[in-house]
Amino acid sequence: MAAQFFNRIGQLGLGVALAGGVINSALYNVDGGHRAVIFDRFAGIKNVVVGEGTHFFIPWVQKPILFDIRSRPRNVPVITGSKDLQNVNITLRILFRPVPDSLPKIYTILGVDYDERVLPSITTEVLKAVVAQFDAGELITQREVVSQKVSEELTDRASQFGLILDDISLTHLTFGKEFTQAVELKQVAQQEAEKARFLVEKAEQQKKAAIISAEGDAQAASLLAKSLAEAGDGLVELRRIEAAEDIAHNLSKSRQVAYLPPGQNVLLNLPQ
């Protein structure tokens, strides 16, 4: 009796284990921020998107394919040409995610690596079309306009493939070696031109000052000649007195000059 009892328990445990294994093999989990599409061997990709949680599927007949629907970053470098035929190196940073309801179509047409198949090609296409509308200088001075135009056109283009672009930004923008050298030479030329213009303006100012000074001297000489003609020797005597006053005033400030009363001996009346 005991042997039969334990035999039945063993058979029951084996049956439970087998059933548990079968049930476990028919379950799959969809984590948060993910969705699943079901591939059926007889019906193909089902047009149903499975949400988060634990779900059943038919082993061997059906296969769940998981997709991450959270925003993910991707950098796309592109080499293109500007309107004035300058080489431009641009790197675009994109935050993208798939439209959940479009996952069956995305998997059917593009596969799991849809971002590798779509983003580089459409980014290159849009950047080449937009950058060709601006010359090299405008790409620098109108960077916000260029970024907005790229964002609008790329968002519209990505929506055709079931992708949502949450953010698009130009993170890198450089030009070819020839253009960089040309810009440096232009800056040097501008600095030299500014220096030359300063020297010319300085010379003009000095010339004007010399002319004004000469005109002043000529006018003074003319006035002096006119005064001499009108006053004769009186003006000369007046200028002599004024000069003598200036000399006396300057000598009065000197400590090395002594004044003697008139009529006194130079030797201060020393005995003969």
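Here is a short back-and-forth about a predicted model, working from the whole chain down to one loop residue.

Student: Let's start broad: how many helices and strands are there in the chain?
Tutor: This is a predicted model, and buried residues account for 23% of its 272 residues. Of the contacts with a separation of 6 or more, 65% are between residues 24 or more positions apart. As for the elements, the count is seven helices and eight strands.

Student: Which strands stand at the edges of the open three-stranded sheet?
Tutor: The pairing in that sheet is antiparallel, and the strand order is E6-E7-E8. A strand with a single partner has one side left without a neighbour in the sheet, so the edges are E6 (72-81) and E8 (163-175).

Student: And what is the bridge partner of Arg-74 in E7?
Tutor: Strands of a sheet pair through backbone hydrogen bonds, parallel or antiparallel. Here E6 and E7 (residues 87-98) go the antiparallel way, over ten bridges. For Arg-74, the partner in E7 is Ile-94.

Student: Which helices pack on this sheet?
Tutor: One touches E6, E7 and E8, with its direction at about 40° to that of E6; that's H3 (residues 114-131). Another touches E7 and E8, at about 140° to the direction of E8. That second one is H5 (residues 143-159).

Student: Are H3 and H5 parallel or oblique to each other?
Tutor: Their axes are 10 Å apart, and they pack at an angle of about 140°. Roughly antiparallel needs an angle over 145 degrees. That's why H3 counts as oblique to H5.

Student: Is the crossing of H3 past H5 left-handed or right-handed, then?
Tutor: On the H3 side the contact includes Ile-122, Val-126 and Val-130, and on the H5 side Val-146, Val-150 and Leu-154 are among the residues involved. The residues of this contact divide into eight nonpolar, one polar and four charged. As for the handedness, H3 passes H5 in a crossing that is right-handed.

Student: Now the loop after H3: which residues is Ala-132 in contact with, leaving aside neighbours within four places in sequence?
Tutor: Ala-132 lies between H3 and H4 (136-141). Ser-82 is 50 residues away in sequence, yet the two C-alpha atoms are 4.7 Å apart. Ser-82 is one of the contacts, and the full list is Gly-81, Ser-82 and Lys-83.

Student: Last one: is Ala-132 buried or partly exposed?
Tutor: Buried would need a relative accessible area under 20%, and exposed one over 50%. Ala-132 has 40%, so the verdict is partly exposed.

Methods: Residues numbered from 1 in each chain as written. Predicted model: local features only at pLDDT ≥ 70, side-chain atom pairs only at ≥ 80, totals over all residues. Heavy atoms only, no water. Pairing = 2+ DSSP bridges. Helix = DSSP H or I, 4+ residues; strand = E, 2+ residues; numbered from the N terminus. Contact = heavy atoms within 4.5 Å. Axes fitted to C-alpha atoms, helices over the stretch in contact; angles between N-to-C directions. Parallel < 35°, antiparallel > 145°, perpendicular 65-115°, else oblique. Left-handed = near helix turned anticlockwise from the far one by under 90°. Nonpolar A, V, L, I, M, F, W, Y, C, P; charged D, E, K, R; others polar. Buried < 20%, exposed > 50% of the residue type's maximum accessible area, 1.4 Å probe, protein only.
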